[in-house]
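Reader: I should like to go through this model and learn on what grounds its parts are described as they are. Please begin with a residue.

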Amino acid sequence: MNLLTRQIILSIFFTLFCYLCKADPVFYMNQVAYDARGAKTIVVRNDGKFEQGTTFQLQNATGKAVFTGKLSAVLHVEEWAKGASFYQADFSNFKTDGKYRIAIGKALSDWFEIKENALAVTTIPSVLSYYNRQRANTPTEWKSDSAVQLYGSDKKVDLRGGWCDASGDVSKYFSHLAYANFMSPQQIPLVTWSMINTVQTAPGLLNKLKVYDGMVNEAFWGADYMMRALSKDDYFYMIVFSYFNKDPKARRVVGLKANSVTTDEYQAAFREGGGMAIASLARVSQLKKDGDFKSAEYLAAAKRAFAHLLVNNTKYDDDGKENIIDDYCALMAATELWIATDSTFYRDQARKRAQNLTKRMSPAGYFIADDGDRPFWHASDAGMPIVALSRYLDKEKDSNERAAALSTIKKALDYNLKVTSNVDNPFGYARQSFKFKSAVKDGFFIPHENETGWWWQGENARLGSLATAALVGGRLVYPEKGGWGVKKELAEYASHQIAWILGCNPYQMCFMYQYGKNNVPYMSSNFGHGSGKGGISNGITGKKENADGSGIDFKMKDDGNEWRWTEQWLPHAAWYLQAVTAMAQQ
């Protein structure tokens with residue numbers, strides 16, 4: 001079967017499946033590996049329907065049954081697959097390393113592996129390699145970026161380093177949707193912070209994998225870029241934009257509006273990468289190691305940038321007002337500075353931002369993004385308010401401040417579980433609340449009609465962020481001994497999000513490149529960059545034609561718009577790294 005034929009079959013899978021193989025059960029699984037200590041589920045589709053109480057067997061490599069369980073009750077997702085019947089086979093209680101498959105009568109799944117810290121051990125070296133490959137360090141880039149022109153000016157600045165943003169885009173971003181105000185993702189600064197987090201959280205694992213030094217070096221690669229991006233006026237340059245032009249002389253330092261319209265508004269606010277850059281520089285200083293700069297210089301730069309944004313942040317926010325993204329990014333910045341300095345000044349700034357997040361909690365349990373009633377939803381960083389509060393609680397000892405933050409985390413996690421389980425949801429895909437045409441509604445995928453005017457794509461970063469939040473936040477408010485250290489519902493929630501990325505989804509597509517059974521096609525880019533092993537593609541969306549994000553879609557060919565589904569993007573692997581680090585944390 002050639003690649004084009006395979007792509008066509010995958011893209012129309014749900015439409016034709018009932019006719020092609022209605023009688024045969026189909027197994028959907030994490031195609032990489034299952035963590036022995038974690039939640040473990042395989043989804044089964046059988047439109048012929050199983051009888052209530054049907055059992056499944058977990059068989060080892062010799063075909064011997066080593067575990068038996070009952071399939072869940074039948075589950076339906078009509079907006080994805082009309083008339084389809086799904087079931088869950090849960091074998092979380094089985095924890096023995098080995099190679100296994102699921103058997104339901106004569107129907108057999110593919111083989112899969114269970115082992116201790118399976119995903120961290122199997123994939124972290126490749127995630128690190130992916131970022132190394134994404135470095136903007138070819139001779140062409142290194143030369144051109146040593147003197148990049150500011151948009152609307154003759155001035156040039158040295159912005160060497162950093163990572164190319166995506167497998168189809170060699171631009172470099174702190175954040176690329178500033179004009180939309182409520183959808184700004186964290187890009188290069190998030191990657192850097194995620195690497196330092198893994199270095200500090202799981203050094204033993206990294207040493208065992210022989211990638212500790214590599215992870216440290218890669219984190220400093222990001223930190224050194226941010227040091228160069230810090231202007232003499234103490235703001236960060238937000239974007240080096242390629243204009244998707246093969247000529248490196250076309251690159252400019254810019255701000256962005258919709259449809260790649262460029263401006264001179266290139267100063268990064270807290271929510272536009274500035275907050276996470278400060279957090280990363282403060283945190284990397286605590287490694288007590290020099291990169292291209294001295295350890296003390298990273299901390300000094302973080303202090304300068306923080307002081308500048310305290311005065312100028314709303315000037316850089318496109319609508320002139322702070323929102324929830326400023327709050328959680330500034331909380332990260334203040335927290336890391338507090339940890340690094342033990343200063344009461346940064347303590348008070350961190351408490352202020354944590355209190356702001358608490359005030360944004362709605363009675364329903366979701367955060368309010370603005371000063372009105374817009375629910376907070378985010379295509380890549382949905383779990384970040386919880387992650388920021390959890391990091392803050394690593395330092396906060398005051399009982400009243402802790403109680404308020406813990407209550408907020410608990411309400412947010414309770415909401416995540418509730419909104420995800422209030423409909424049949426065989427894959428456990430994280431649902432969300434959003435405002436669409438003046439009404440709040442719940443859905444699987446983000447609305448395509450949103451503040452950006454054009455940007456919607458697969459949400460694998462969002463899933464990784466929510467998995468991370470379930471684990472790091474869950475250990476604070478729903479701790480349990482054993483497993484991943486959280487209650488069963490949160491462990492299952494986290495597992496479902498990562499499993500979806502790794503192949504347990506309706507298209508049986510593993511979005512981590514060169515892992516699993518099915519991958520998206522290779523995507524090439526300028527200066528020899530492109531898809532890399534360990535990188536993660538955007539993923540699955542709501543139906544292309546549906547403005548509210550309802551339905552389901554995945555396309556590997558779409559007249560140039562296939563990037564929405566197939567393009568690798570820095571934040572996906574960054575949040576995945578945080579999630580598997582949390583899974584491996586003892």
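Author: The model is a predicted one. Let us begin with aspartate 326, which has a relative accessibility of 0%.

Reader: Why is aspartate 326 called buried?

Author: Buried means under 20% relative accessible area. Aspartate 326 has 0%, and therefore counts as buried. Its place is in helix H10.

Reader: What makes the pairing of the side chains of aspartate 326 and arginine 271 a polar contact?

Author: A polar contact requires a pair of N or O atoms within 3.5 Å, one able to donate a hydrogen and the other to accept it. The two side chains make such a contact at 2.6 Å. Leaving aside residues up to four places away in sequence, aspartate 326 touches Arg271 and also Ala269, Phe270, Asn313, Asp317, Lys321 and Arg353.

Reader: Which residues have the most contacts inside the largest nonpolar core, and which helix gives this core its largest share?

Author: The core has 179 residues, and Ile124, Tyr131 and Ile278 have the most contacts inside it. Its largest share, 12 residues, comes from helix H10 (residues 324-341). Another core, of 21 residues, lies apart from it and includes Ala36, Phe56, Phe67 and Ala107.

Reader: Which residues does isoleucine 124 touch?

Author: Not counting residues up to four places away in sequence, isoleucine 124 touches Leu119, Leu205, Leu206, Leu209, Val211, Met215, Leu577 and Val580. In soluble globular proteins, nonpolar side chains tend to be buried together.

Reader: What makes an empty space a cavity and not a pocket?

Author: In a cavity a 1.4 Å probe fits but cannot get out, whereas a pocket is an open set of points. Three cavities of 30 Å³ or more are found in the whole structure. The largest cavity has a volume of about 190 Å³, and of the 19 residues that line it, Phe376, Ala382, Tyr415, Asn416 and Leu466 are the closest to its centre. Helix H13 supplies the largest share of this lining, three residues.

Reader: What is known of the second largest cavity?

Author: Its volume is about 60 Å³. Helix H15 gives the most to its lining, with three residues, and the lining divides into eight nonpolar, two polar and one charged.

Reader: How is the largest pocket lined?

Author: The largest pocket, of about 610 Å³, is lined by 29 residues, with Gly168, Asp169, Phe244, Trp563 and Glu567 nearest its centre. The lining divides into 15 nonpolar, eight polar and six charged residues.

Methods: Residues are numbered from 1 along each chain as its sequence is written. This is a predicted model: local features need pLDDT of at least 70, side-chain atom pairs count only at pLDDT 80 or more; totals for chains, interfaces and linings use all residues. Side-chain values use heavy atoms; hydrogens and water are left out. On a 1 Å grid over the protein atoms alone, a cavity is a set of points where a 1.4 Å probe fits but cannot get out, and a pocket is an open set with protein on both sides within 12 Å along at least five of seven lines; lining residues have an atom within 4 Å of a point. Grid points are joined across faces, edges and corners, and a volume is the space filled by probe spheres set on the points. Ala, Val, Leu, Ile, Met, Phe, Trp, Tyr, Cys and Pro count as nonpolar, Asp, Glu, Lys and Arg as charged, and the others, Gly among them, as polar. A nonpolar core is a set of buried Ala, Val, Leu, Ile, Met, Phe, Trp, Tyr and Cys residues joined through side-chain atoms within 4.5 Å. Buried means under 20% relative accessible area, exposed over 50%, partly exposed in between (1.4 Å probe, protein chains only). Helices (H or I, at least four residues) and strands (E, at least two) are DSSP runs, numbered from the N terminus. Contact means heavy atoms within 4.5 Å.
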